[in-house]
Amino acid sequence: MSITRRTFSILTAAAIANPIMGFGAPARAQEKTLRIGYQKYGTLVLLKGSGLLEKKLAGTGYQVTWTEFPGGPQLLEALNVGAIDFGSTGEAPPIFAQAAGAPLVYVAHEPPAPRGEAILVPKDSPLQTVADLKGKTVALNRGSNVHYLLVKALEDAGLSYSDVTTVFLPPADGRAAFERGSVDAWAIWDPFQAAAEVAIEARELRNGEGIVPNHQFYLGTRDLVDDHREAVQQLLAAIGETDVWVSANTGEAAAQLAPNVGIPADVLAVALARQSYGVTPLTDAVVAQQQAIADTFHELGLIPSAISIADAVADLGA
């Protein structure tokens with residue numbers, strides 16, 4: 001495997017943050033480390049702040065380290081190269097990662113949250129419907145959940161993916177290009193979506209309702225799931241407890257997230273209210289939905305070969 005500059009940066013950052021070897025390499029028993037990748041928003045960042053997982057793993061010989069990533073594709077690239085063991089992303093990133101040969105498995109998922117992603121346009125844009133995007137430029141993070149949103153929204157409007165020009169940018173750069181007017185629209189997820197709607201009055205052209213489920217998936221390496229099942233079970237239990245708390249305490253959760261995300265708590269409260277909570281194993285229906293996304297990406301030539309989602313679903317047993 002050739003090491004790109006971006007991959008080297010990921011590995012270097014992870015090594016600095018976590019000098020102890022993780023599950024993918026030899027380590028002394030007393031140095032077992034659960035390496036979790038997280039993004040600025042969602043259940044995992046709240047779990048990190050609470051310390052609940054560390055309490056659950058106390059006395060088991062496991063340590064926990066946390067590494068932040070700007071998006072799901074970057075997080076799963078780190079998982080692929082062995083820099084982390086576990087993380088959470090939207091629907092599209094694991095498909096691109098599995099197609100690239102990443103040793104990932106789906107561990108669990110959250111219920112659908114179709115309003116938590118959208119295609120935005122400036123408040124004074126003449127564009128009123130998705131059909132108006134024909135011939136226009138749309139910014140998005142390649143391989144993210146909004147990649148599929150854009151595909152399905154165009155399809156629903158009678159357009160093809162080739163009818164628009166896509167510009168692949170991570171969230172911060174996408175926001176900058178959107179504000180400069182360098183792109184006509186921006187496909188983005190919460191909390192960046194809510195921040196743009198409130199701060200610059202970005203207008204929602206289409207969200208995921210009726211076209212995409214927008215699941216959040218929890219993913220791990222095969223080594224983690226096969227050899228450290230007890231740690232995985234404790235991790236899922238901690239996520240479940242955090243989900244219950246967030247759903248009942250949206251305002252407080254938003255206040256806790258605000259300093260880490262750099263977004264006002266009132267904006268985050270809007271985003272959190274659009275999410276759904278309740279971590280559960282993947283059902284046959286969810287696997288089928290994810291397979292439909294993978295098949296669509298293959299038909300469009302976005303991934304090089306067909307993949308089987310079922311082959312990458314963890315069996316955690318009893």
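Ile119 sits among many partners in this predicted model. Leaving out residues up to four places away in sequence, Ile119 touches Leu133, Leu149, Leu150, Ala153, Ala185, Trp186, Ala187, Arg203, Glu204, Leu205 and Arg206.

**Nonpolar cores**

Ile119 belongs to the largest nonpolar core, which has 62 residues. Ile95, Leu104, Tyr106, Ile119, Leu133 and Phe297 touch the most other members. Helix α6 (residues 145-156) gives this core its largest share, seven residues. A second core is separate and holds 43 residues. Among them are Ile36, Tyr218, Ile239 and Leu272.

**Thr242 in helix α10**

Thr242 lies in helix α10, which spans residues 229-248. Is Thr242 buried or exposed? Thr242 counts as buried because its relative accessibility is 7%, under the 20% cut-off. Where does the side chain of Thr242 reach? Its target is the backbone oxygen of Ala238, at 2.8 Å. Thr242 is also in contact with Thr43, Leu46, Leu47 and Leu52, with neighbours within four places in sequence set aside.

**Helices α4 and α5**

Helix α4 covers residues 72-80, and helix α5 covers residues 92-99. Their axes come within 9 Å and cross at roughly 35 degrees. The crossing of α4 past α5 is right-handed. From α4, the residues in contact are Gly72, Pro73 and Leu76. They meet Pro93, Pro94 and Ala97 of α5. By class, this contact has five nonpolar residues, one polar residue and no charged residues.

**Backbone features in loops**

A cis peptide bond joins Asp190 and Pro191, with omega about 10 degrees. Pro191 is in the loop between β8 (185-189) and α8 (192-199).

Two residues with positive phi follow. Glu201 is not a glycine, yet its phi is positive. Asn214 also has a positive phi without being a glycine.

| Residue | Phi | Loop | Relative accessible area |
|---|---|---|---|
| Glu201 | near 55 degrees | between α8 and β9 (203-207) | 47% |
| Asn214 | about 60 degrees | between β9 and β10 (217-221) | 3% |

How do the two residues stand in terms of burial? Glu201 is partly exposed because its relative accessible area is 47%, between the 20% and 50% cut-offs. Asn214 is buried because its relative accessible area is 3%, under the 20% cut-off.

Definitions and conventions: Residues are numbered from 1 along each chain as its sequence is written. This is a predicted model: local features need pLDDT of at least 70, side-chain atom pairs count only at pLDDT 80 or more; totals for chains, interfaces and linings use all residues. Side-chain values use heavy atoms; hydrogens and water are left out. A nonpolar core is a set of buried Ala, Val, Leu, Ile, Met, Phe, Trp, Tyr and Cys residues joined through side-chain atoms within 4.5 Å. Buried means under 20% relative accessible area, exposed over 50%, partly exposed in between (1.4 Å probe, protein chains only). Helices (H or I, at least four residues) and strands (E, at least two) are DSSP runs, numbered from the N terminus. Contact means heavy atoms within 4.5 Å. A polar contact is a pair of N or O atoms within 3.5 Å; within protein, one must be able to donate a hydrogen and the other to accept it, and residues adjacent in sequence count only if both atoms are side-chain atoms. Axes are lines fitted to C-alpha atoms, for helices over the stretch in contact, and angles run from 0 to 180 degrees between N-to-C directions. A crossing is left-handed if the near helix is turned anticlockwise from the far one by less than a right angle, and right-handed if clockwise. Ala, Val, Leu, Ile, Met, Phe, Trp, Tyr, Cys and Pro count as nonpolar, Asp, Glu, Lys and Arg as charged, and the others, Gly among them, as polar.
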